[in-house]
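This report looks at enclosed spaces and at contacts made by aromatic rings. Please keep the structure in view while reading.

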Amino acid sequence: MHMINRFQMYRKQWRSIGKLLALSVCCCLLVISCGDRSTTEQTSSPSPSVSQSSRLIVGTTLKPRTLDPADAYELATSNILYSLGDRLYTYKLGTSELVPQLATELPKISEDGLTYTIPLRKEVVFHDGTPFSAEAMAFSLKRFMENGGKPSSLLVDVVDSVEASGEYELTIKLKNSFAAFPSLLAFSGMCAVSPQAYEIGSGKFQPTKFVGTGPYKLVDFKPDSIRLDVFEGYWGEKPPNQGLDFQILTSSANLFSSITTSAVDIAYQSLDPDQILSLQDQAASGSWQVIDAPSNNVSYLVLNTQLEPFKQPEVRQAIAALINRKLINERVLRNQAQPAFSLIPTSFEVSQPTFETTYGDGNISQAKELLTQAGFSKENPLTFEIWYPSGSATRQQVASLLREYAAKELEGTVEIQPQAVESANFFGNIGKGIYQSALVDWYPDFADPDNFIHPLVSCTRGSEAEGCQEGASKSQGSFYYSDRMNQLIEQQRAEQNPEARQKIFVEIQELLAKDVPVIPLWQPKEYAFVQKGIEEFKLDPIQQLPLWDIKKAT
């Protein structure tokens, strides 16, 4: 996944021509008297009436490609699936504490760590009235694996079989022991779907419908809007609102406008840092609240260990020493992030700032020393490209800042060449080995440190000499191969003892700081802006946008 940022701050422009002003005032009075709150951009958007007064309107620029959980692997969809579907497990809001949802308790695990037995809730029904059971849950997970959607490998690589071992008991057998498996079952796409509404078969997806068991049901799915109503047959506590209307806006400027003009109740993703600053400054005099929370996503610089100049570990280490995260946060991110010194976010106890302890931050003397060891100088400068998706103004600014910073501090010893490419080509090419380095970010699939290591730097086939030929580090663009790293990853995945597992993660992070296939840069904060009549609103680092507890004053 990638984050889209633009740094063109939206500004309203007013004209003081008498007739137009008078006409505008009249129109505004008419709109207010009719209770209309349409967006500035889309005339087809739902406009709340008196009967819809406690519905929530959510403005966003994230456009879901599909609502089929077996094929959904984007942040835009996961935000909606968390409201539409239930999984076996979920998280206590604001924490990484796993709690049962469609399960009634945490799984019973066999001594060898391969068999999970899970008791399920009774008296749960799907949105179409079909009763929920172990057979239905097994159907949902098998469909997730067998239909071959984008996230299918999450289960295919781990699960050997899924069976109903009783009417309300599920048994899952794994191929190999995997300590993070219960957390994986909380992934948004692992939700139960009605066997009457879906079928199993390669490519048999239904992108515009959803029939699950969650607190809301899908009523309408259009390119510019998605409408959810409260599900009256929900087994749990019903939401304290009448439903959700997602407004899909085409730009951050329109999202900015929608919250300042009260066209939406909630504005969430994606606003530019300058727009966020403006909304923060205006919040005291405006009608909205500012909500922020730490994020679990990490932005980093990936280095291709199989292309010059990054075949040399000293060169990779020199760039790690050169990076000045404080400067990036101040100049580009407007202090809306925190420096990242590990691929594992600081929200996890196992996170260790190994890049800081090894290199500091903006350590120019160490960078010069390492570059000299590698044979680079003013007469023989280190030259390399940093690639990024052209739609990301943030990454463009970061690449430009690194170029200028290196030129100034290293006095011509390092020449960085920023290179932009269209997003689809960028993500399609990164695994082909043609980029020397690239600026990317990672949104986790589930809340476990493994999901920041295994999908980024593991390798299933390769060698120290030839690099990764098959596996995660190839697909992510570093082509990093380390026998020791692969051993450590497998050890932590199999280790059931939390303390022993934590020690393995410490060694993993130390090895990453030594080998430097990637350089962690920052963890952004998440921001939402909500109207003052909205109560109980929270952002969650895992479930992102929990809307089922939100109240709206009427």
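In this predicted model, the lining of the second largest cavity divides into eight nonpolar residues, two polar ones and no charged ones. The volume of the second largest cavity is about 70 Å³, and helix 2 (75–84) supplies the largest share of its lining, three residues, while strand 1 (56–60) and strand 10 (243–248) are also among the elements that each supply at least two. Among the residues that line the second largest cavity are Val-58, Asn-79, Phe-246 and Leu-545.

The structure holds six cavities of 30 Å³ or more, and the largest of them has a volume of about 230 Å³. Of the 18 residues that line the largest cavity, Ser-78, Tyr-82, Pro-444, Asp-445 and Ile-542 lie nearest its centre, and by class this lining has twelve nonpolar, four polar and two charged residues.

Turning to the rings, a search of the whole structure finds twelve aromatic pairs, and two of these are set out below.

| Pair | Centre to centre | Angle between planes | Arrangement |
|---|---|---|---|
| Phe-144 and Phe-187 | 6.3 Å | 80° | edge-to-face |
| Tyr-234 and Trp-235 | 5.2 Å | 45° | tilted |

Phe-144 lies in helix 3 (residues 134–146) and Phe-187 in the loop between helix 5 (181–184) and strand 8 (216–222), so their pair ties together parts that are 43 residues apart in sequence. Phe-144 and Phe-187 are both buried. Tyr-234 is buried, with a relative accessible area of 11%, whereas Trp-235, at 28%, is partly exposed.

Elsewhere, the charged end of Arg-493 sits over the ring of Phe-178, 4.0 Å from its centre.

Key. Residues are numbered from 1 along each chain as its sequence is written. This is a predicted model: local features need pLDDT of at least 70, side-chain atom pairs count only at pLDDT 80 or more; totals for chains, interfaces and linings use all residues. Side-chain values use heavy atoms; hydrogens and water are left out. On a 1 Å grid over the protein atoms alone, a cavity is a set of points where a 1.4 Å probe fits but cannot get out, and a pocket is an open set with protein on both sides within 12 Å along at least five of seven lines; lining residues have an atom within 4 Å of a point. Grid points are joined across faces, edges and corners, and a volume is the space filled by probe spheres set on the points. Ala, Val, Leu, Ile, Met, Phe, Trp, Tyr, Cys and Pro count as nonpolar, Asp, Glu, Lys and Arg as charged, and the others, Gly among them, as polar. Helices (H or I, at least four residues) and strands (E, at least two) are DSSP runs, numbered from the N terminus. Rings of Phe, Tyr and Trp (its six-membered ring) pair if their centres lie within 6.5 Å; planes under 30 degrees apart count as stacked, over 60 as edge-to-face and the rest as tilted. Buried means under 20% relative accessible area, exposed over 50%, partly exposed in between (1.4 Å probe, protein chains only). A charge sits over a ring if NZ of Lys or CZ of Arg is within 6 Å of the ring centre and within 35 degrees of the ring normal.
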